[in-house]
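These are my notes on the model, set out as numbered points. They deal with aromatic contacts and with one set of paired strands.

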Amino acid sequence: MSETQSFEFQTEVKQLLHLMIHSLYSNPEIFLRELVSNASDAADKLRYEALTDDALLAEDPELRIEIETSSEQRTVTIRDNGVGMSRDEVIENLGTIARSGTRNFLEKLSGDQQRDSGLIGQFGVGFYSAFIVADRVTVNTRRAGTDEAVRWTSDGEGRYTMAEIDSRPRGTEIILHLRDDQDEFLEPMRLRHIVKRYSDHIALPVRMRKNDDEGKPSDEWETVNTASALWTRPKSEISDEEYTEFYKTVVHDFEDPLRWAHNRVEGNQDYTSLIYLPKRAPFDLWDRESNHGLKLYVKRVFIMDDAKQLLPTWLRFVRGVVDSNDLPLNVSRELLQSSRVVDKLRAAITKRSLDLIEGLAKDDAETYLEFWNTFGAVIKEGVVEEAAQRERIAGLARWHSTHGDAVTTLDAYIQRMPEGQDKIYYLTAENLATAKSSPHIEGFAKKNVEVLLLTDRVDEWVVGHLTEYKDKELVSVARGEADLKSVVADPKEEAEQARLETLYKDTVERLGKSLGEDVESVRLSQRLTESPACLVVGDNAMSRHLEQLLKQAGEAGMPGSKPILEVNPAHPILEHLKQLSTDTDFDDLARMLYEQAVLAEGSQLTDPAAFVKRLNRWVFREAAASNDATSQGAA
């Protein structure tokens, strides 16, 4: 054995170890689930590497996991004959944050011990769960294809030691020196029960020693799990509990899945898929570049952990496995990117996923709404990215609207459309409160024309591609002129609008000159009923909300279009403007009219201080005028 070297854990790993040792005792048995899962992964990796190097498996071709206990030494040992680790890999995987995901794990903790302990594994920190039950952990490992063996030891208090040891069998052996209060895990029957519960579907044998006639462990081993890939078994033989536990093993999720679909396809394609809809979002849901996808097997040989190519990005929350008989065993990521077989697989699994989502929406509206609130903004990305499924995805969406507090579908919106309406109207806004109080929807509300209220940040992107649904054009109420007369025609209103155009023609022109370069034009509004003004853009211009989102994203240099100021001819402010003869007073009120329209749409003013000064001047002026009038009346 070589000289032992001592190393410091990274700071985040120290925090994690302290948490494991002192806090997460609510479900200590998860340590065995995680260590067996890691051992299974090591076997899968060896199978894959052996596809190009048969010698790696030659010395011990029967892959397995073994668990045994020692009451005298108070240890639980989990060993595998998988790929093993080199010295550098031990340091990288067990001593640093690089592969552990520890930082993300710590950020997601909620303080609920049961819930937090369930996060272990999802973030790649499963190995550290050993310290929940052990006050010292020893890892002996040898990398397949090498003679170098390494021992790693730590008591979880901030340091670990490394040493080269005499050659040992290929794979990894983890020895847990149990804490005084963890005697239950020295009982073989207790460990068998845990394996049966969490690891029954591991696709290689998990073995423990048989008991002899006196009830003591013998030299003979027996398999304690089913040791067959769950997805290869007939659906009729698999219980809901088995599907659920398999999901938890694959995804490292502590909650049950919402729904799953298990399919065997033969013919032009030959594959099996088992996909799940999760109940809660993964921690990296909004990271489009994060690892996601399905576990890929070829002829039951593990190939890839996160096969992104099998699912579009907008379905990155879907989990499960795909086992193909059509792909070559030496499949690479490059082949996945260019294979027609993969393209067909992707299309088929996308369809299965949509079937699964539609089934949930049809069978359980309440649960589906919770699901949509969690994943809906991601699914809507598919409207942009999946042109062939655009209308189908749009039909799954749930939207707020002016119809009521409950969300609606596009199909339900169309059913409620009054006679004469041939368009679907919508408004995008920063949040629901801003949308509901927007001046843009006033005229539509007066005529009982429903408007969809779109408040997800992705919605601007979505409606830029979803230009129609079931032959109904989608139209923004904040763009172009409000063509309400085509929906609810009223000859009297048309005559009154013509009269007002003539009456306020000079005032409108004067407003345009006063505001100058800040607006493209000023016009009388047909959409306003209560508010004095609003800002709109032309039919082909970038929306004001999208422009604001781009600025928030750092795209301030992008050229924007000038807005059109629409003024309400029925509002007293316009009549007051018409009566003002002093240019200074007119310009002040015109500017405040424009700036309040900016605020009403949820945008920010370029010079808030100047707005406050103008407002104060007008408040003081109006108060003074009111006092003068009162004094004259008293006299």
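Which residues form one aromatic cluster with Phe317? The model is a predicted one, and in it Phe317 is grouped with Tyr368, Phe371, Trp372 and Phe375.

1. Within that cluster, take Tyr368 and Phe371. Their rings make a tilted aromatic pair, with 5.9 Å from centre to centre and 35° between the planes. Both residues belong to helix α11 (residues 365–379), where they are three residues apart, about one turn of the helix. Tyr368 and Phe371 are both buried.

2. The structure has 15 aromatic pairs. One of them joins Tyr243 and Trp260, a tilted pair at 5.3 Å centre to centre with 35° between the planes. Tyr243 is part of helix α8 (residues 240–251) and Trp260 is part of strand β10 (residues 259–265), so this contact ties together parts that lie 17 residues apart in sequence.

3. Is each partner of that pair buried or partly exposed? Tyr243 has a relative accessibility of 4% and counts as buried, because the cut-off for that class is under 20%. Trp260 has a relative accessible area of 23%, which makes it partly exposed.

4. A ring contact of another kind involves a charge. The charged end of Arg510 is placed over the ring of Phe586, at 3.9 Å from the ring centre.

5. Turning to the strands, why is strand β12 (residues 294–298) described as largely enclosed by the rest of the structure? Five of its five residues are buried, and the description follows from that count.

6. Strand β12 pairs with two strands that can be checked in the model. With strand β13 (residues 301–307) the pairing is antiparallel and runs over four bridges. With strand β14 (residues 319–324) the pairing is parallel, again over four bridges.

7. Tyr297 has a bridge partner in each of these two neighbours of β12. In β13 the partner is Phe302, and in β14 the partner is Asp323.

8. What is the sign of phi at Lys299, in the hairpin of β12 and β13? Lys299 takes a positive phi, near 55°, and the hairpin has two residues between its strands.

Note on methods:
Residues are numbered from 1 along each chain as its sequence is written. This is a predicted model: local features need pLDDT of at least 70, side-chain atom pairs count only at pLDDT 80 or more; totals for chains, interfaces and linings use all residues. Side-chain values use heavy atoms; hydrogens and water are left out. Rings of Phe, Tyr and Trp (its six-membered ring) pair if their centres lie within 6.5 Å; planes under 30 degrees apart count as stacked, over 60 as edge-to-face and the rest as tilted. Buried means under 20% relative accessible area, exposed over 50%, partly exposed in between (1.4 Å probe, protein chains only). A charge sits over a ring if NZ of Lys or CZ of Arg is within 6 Å of the ring centre and within 35 degrees of the ring normal. Two strands pair if DSSP finds at least two bridges between them.
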